[in-house]
Amino acid sequence: LHDALPIWSIAGSPKGVAGFADGPAASALFDRPVGVAVGTDGTMYVADSLNHRIRTIKNGVVRTLAGNGTVGKADGRGSAASFILPKGIAIDAAGVLYVADFGLGIRTIDGNANVATSRYPTTYGQVYAVAARGRGPQLIVEYTDNEGIHIISRGVHRGLPVGTARAPYSENNVVGDAFGIAVVDADSALITDLWTHAVRYVNFADPPFRIAPFTRTLAGAKRDGALVIGGYRDGGTDDSLMKSPYGIAYTASGHILVA
C-alpha cells in the first residue's frame, strides 16, 4: 500500500453534524454510522447506529434501505422493520446483508429489503461485528459478541469464548475482548482485540486434526519485557503498538486493514 492515500467524504455532514436526512450525499445526515459494506455493483451499505437504520449510498444519493428510526425488534420489509442498535454489517456473494444488531443478534436483509432475525446463537444478542464470504454451501458467517467469536461454516456453528486469563499476551488460545472480525477461511478469522490492543489471527479447532484452537498475535499487544500495552508505533509484529483497534478488513490481495 502507498504511504499516503487520499481521503474524502463520501456522504454526510462535512462539519460532523449528526442527524437523519436522505437525499444527495452532500446534504445527507447520519448519526454514528459504524459498519460499512460494499456490494459488487459498488453500492455502499451503512449501519447507521443511532438512527436505527440501514442506509445505502449509490450514485451520490443516500437512501434508507430498512428501519424506521424507532428502536425495536420487528422483522419485515423496509420501513416495517426496526433495529435496536445496528453496529456491524457485511454482505455475502449472493447479495444478502448481515447486520450485527446489538441487543438482538444477527439480522439478515435480502435483495427485496426483507429483514429477518437469524437463529445464530448469541449471548443476550450483544453482537458487535459480523463478516461474511461465499454463498450457499460455501457460505461462511463470522461474528463477535460479548462472550467471544463465532463461525458458521458447513452449516455448523462453532464458538470460542473469551478467555479467563488476565494476561493473554503470548502465543496461546485465549481470546480477549474481540470486536472487529474478518473472514480468513471456514476455520479461521482475524479479530481486533480491545482487551489487549491487538490484532489476532484465530484458528478454530477442527477435530480430529486440530483438537484445540489457537491464536497468533499479528500486531500490538504486550510483549515480554515491554512496559506498555496500547499505544501508537509502526513496525514489525514484535514491536508495533495499537490503541483500541476496532474495524478490520482482509483484502483479496492479502492486506489487513485496521481502524
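1. A pocket here is an open set of points on a 1 Å grid over the protein atoms alone, where a 1.4 Å probe fits, with protein on both sides within 12 Å along at least five of seven lines; lining residues have an atom within 4 Å of a point. Grid points are joined across faces, edges and corners, and a volume is the space filled by probe spheres set on the points. With that in hand, the second largest pocket holds about 450 Å³ of space. Its lining has 16 residues, and those nearest its centre are Ala219, Asp234, Leu241, Met242 and Val258. Two elements, β18 (214-220) and β20, give two or more residues each to this lining.

2. A word on the ground rules before going further. This is a predicted model, in which local features need pLDDT of at least 70 and side-chain atom pairs count only at pLDDT 80 or more, while totals for chains, interfaces and linings use all residues. Residues are numbered from 1 along each chain as its sequence is written, and side-chain values use heavy atoms, with hydrogens and water left out. Strands are DSSP runs (E, at least two residues), numbered from the N terminus.

3. Now to the largest pocket, which has about 1,200 Å³ of space. It is lined by 39 residues, with Val36, Ala37, Ile89, Ala90 and Ala249 closest to its centre. Strands that each supply at least two lining residues include β2 (33-38), β7 (86-91) and β15 (178-185). The largest share, six residues, comes from β11.

4. You may like to set the two linings side by side by class (Ala, Val, Leu, Ile, Met, Phe, Trp, Tyr, Cys and Pro count as nonpolar, Asp, Glu, Lys and Arg as charged, and the others, Gly among them, as polar). In the largest pocket the lining has 26 nonpolar, nine polar and four charged residues. For the second largest pocket the division is eight nonpolar, five polar and three charged.

5. On to the interior. A nonpolar core is a set of buried Ala, Val, Leu, Ile, Met, Phe, Trp, Tyr and Cys residues joined through side-chain atoms within 4.5 Å; buried means under 20% relative accessible area, exposed over 50%, and partly exposed in between (1.4 Å probe, protein chains only). The largest such core has 14 residues, and Ile149, Leu160, Ile181, Ile191, Val202 and Phe204 have the most contacts inside it. Two or more residues come from each of β11, β13 (148-153), β15 and β16 (188-193). The strand that gives the most is β15, with three residues. A second, separate core of 13 residues includes Ile54, Ile89, Leu97 and Ile109.

6. Glycine 180 also sits in β15, and it is buried at 5% relative accessible area. Among the residues it touches (heavy atoms within 4.5 Å) beyond four places in sequence are Ala129, Leu190, Ile191 and Ile248. Its C-alpha lies 7.2 Å from that of tyrosine 128, although the two are 52 residues apart along the chain.

7. Two buried polar side chains deserve a look. Aspartate 101, in strand β8 (residues 97-101), counts as buried because its relative accessible area is 0%. Its side chain reaches the backbone nitrogen of leucine 85 at 2.8 Å. Serine 188, in β16, is likewise buried, with 0% relative accessibility. The side chain of serine 188 makes a polar contact (a pair of N or O atoms within 3.5 Å, one able to donate a hydrogen and the other to accept it; residues adjacent in sequence count only if both atoms are side-chain atoms) with the side chain of aspartate 185, at 2.6 Å.

8. Lastly, some loops to check. Aspartate 41 lies between β2 and β3 and is partly exposed at 49% relative accessibility; a polar atom of its side chain is 3.0 Å from the backbone nitrogen of threonine 43. Most residues other than glycine have a negative phi. Asparagine 59 has a positive phi of about 55°; it lies in the loop between β4 (53-58) and β5 (61-66) and is exposed at 73%. Tyrosine 124, with a phi near 60°, lies in the loop between β10 (114-117) and β11 and is exposed at 68% relative accessibility.

Notes: Helices (H or I, at least four residues) and strands (E, at least two) are DSSP runs, numbered from the N terminus.
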